[in-house]
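Work through these exercises with the structure on screen. Try each task before you read its solution.

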Amino acid sequence: MEQSIEWFLQHLRGEKNAADHTIAGYEEDLRQFAAFLRRQQIHDFGAVGHLAVRSFLAELNAHNYARASLARKLSALRSFYAFLVREGVLAASPFGAVRTPKLEKKLPKFLYVEEMKALLAVPDLSAPAGIRDAAILETLYASGMRVSELVGLDLASVDLRGGTALVFGKGAKERYVPLGDYAVAALQRYLRQARPLLAKSAQETALFLNTRGGRLTDRSIRRIIDTHVGKLATRRKISPHTLRHTFATHLLEAGADLRTVQELLGHVNIATTQIYTHVTRDHLQSIYNRAHPRA
């Protein structure tokens, strides 16, 4: 079983070019399933039937796993077995007849324009780290890029004269995103005043650097945003993805069409983007309820 898991993980790395955190999630789910099978005296993925699958799900339910976690684990196991069937290792998958639990549709959380402006104004521009953080916040809000795409940016990825950045999205798909005047100005200030002080080596290609001169990580960006959100008078949880949601919501509220927002976000399926239309509709309804005398 270990060999099959490693083979699948290599497939994700080499052929699918999956992100490190995606691979880590798959590995965790597969090893958890393998450990369960061993407790059931099953030592071959090919010997797994519907009853074993249902017993595994029952054990997860007994441990109060959320529906979203169950759905993710089922998705990982389906992908794994589909790979084994495709490679001719197995004739069929035991997950074909297993239904994914229905998930509650949660609307993405976003910031109102004034809230976003307040967050952008928090970083201290008298310090190199503050100048860097201001550029990070402006870039996230201006482009709607994922945090993994942001930390993957190199110096050569941004064209400040043209006001664009080349990002590598899911599955190593490239797309250009606009930066806008405010983000361009913040990046120019960072490159001129802060990055030279943070850099420890002329060979470092990363755009955004930590205090040790290396590339920032996803976790570092989350900590940076947490730090600045903590200085605001709000109890709201704001993550890097909140800024992505805010970007999309503000565009649609200002009249951008759904296809354009889909392209900017790098969504393969427009259905993924359509959730933002619900957000904007709710927002418009709340404004109407507050403003109209007979609402």
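A crossing is left-handed if the near helix is turned anticlockwise from the far one by less than a right angle, and right-handed if clockwise. Keep in mind that this model is predicted.

**Exercise 1.** Describe how helix 5 packs on helix 10.

*Solution.*
- Step 1: locate the pair. Helix 5 covers residues 113-120, and helix 10 covers residues 240-253.
- Step 2: take the geometry. The angle is about 135 degrees, and the axes lie 11 Å apart.
- Step 3: name the arrangement. Angles over 145 degrees count as roughly antiparallel and 65 to 115 as roughly perpendicular, with the rest oblique above 35. Helix 5 is therefore oblique to helix 10.
- Step 4: give the handedness. Helix 5 passes helix 10 in a left-handed crossing.
- Step 5: list the contact. Helix 5 brings Val-113, Met-116 and Leu-119; helix 10 brings Leu-243, Thr-246 and His-250.

**Exercise 2.** Check whether the span of helix 6 agrees with its number of residues.

*Solution.*
- Step 1: find the helix. Helix 6 has 16 residues, 128-143.
- Step 2: work out the expected span. The rule is 1.5 Å times one less than the number of residues. For helix 6 the span should be 22 Å.
- Step 3: compare. The end C-alpha atoms of helix 6 are 22 Å apart, so the two agree.

**Exercise 3.** Is helix 6 mostly covered or mostly open? Which helix 6 residues meet helix 8?

*Solution.*
- Step 1: count. In helix 6, 12 of the 16 residues are buried, so by the cut-off of under 20% relative accessible area the helix is mostly covered.
- Step 2: name some. Among the buried residues are Gly-130, Asp-133, Ile-136 and Ser-143.
- Step 3: turn to helix 8, residues 180-198. Helix 6 packs on helix 8 at about 150 degrees, with axes 8 Å apart. That angle makes helix 6 roughly antiparallel to helix 8.
- Step 4: list the contact. Helix 6 uses Pro-128, Ile-131, Arg-132, Ala-134, Ala-135, Glu-138, Thr-139 and Ala-142. Its partners in helix 8 include Tyr-182, Ala-186, Tyr-190 and Leu-197.
- Step 5: look past the end. Just after helix 6, Gly-144 takes a positive phi of about 70 degrees.

**Exercise 4.** How many bridges join strand 2 to strand 1, and how many join strand 2 to strand 3?

*Solution.*
- Step 1: start with strand 1, residues 158-159. It runs antiparallel to strand 2, residues 164-168, with 2 bridges. Val-158 is the bridge partner of Ala-165.
- Step 2: check the hairpin of strands 1 and 2. It has 4 residues between the strands, and Gly-163 takes a positive phi near 70 degrees.
- Step 3: move to strand 3, residues 174-178. Strands 2 and 3 run antiparallel, joined by 5 bridges. Val-167 has Arg-175 as its bridge partner.

Definitions and conventions. Residues are numbered from 1 along each chain as its sequence is written. This is a predicted model: local features need pLDDT of at least 70, side-chain atom pairs count only at pLDDT 80 or more; totals for chains, interfaces and linings use all residues. Side-chain values use heavy atoms; hydrogens and water are left out. Buried means under 20% relative accessible area, exposed over 50%, partly exposed in between (1.4 Å probe, protein chains only). Two strands pair if DSSP finds at least two bridges between them. Axes are lines fitted to C-alpha atoms, for helices over the stretch in contact, and angles run from 0 to 180 degrees between N-to-C directions. Contact means heavy atoms within 4.5 Å.
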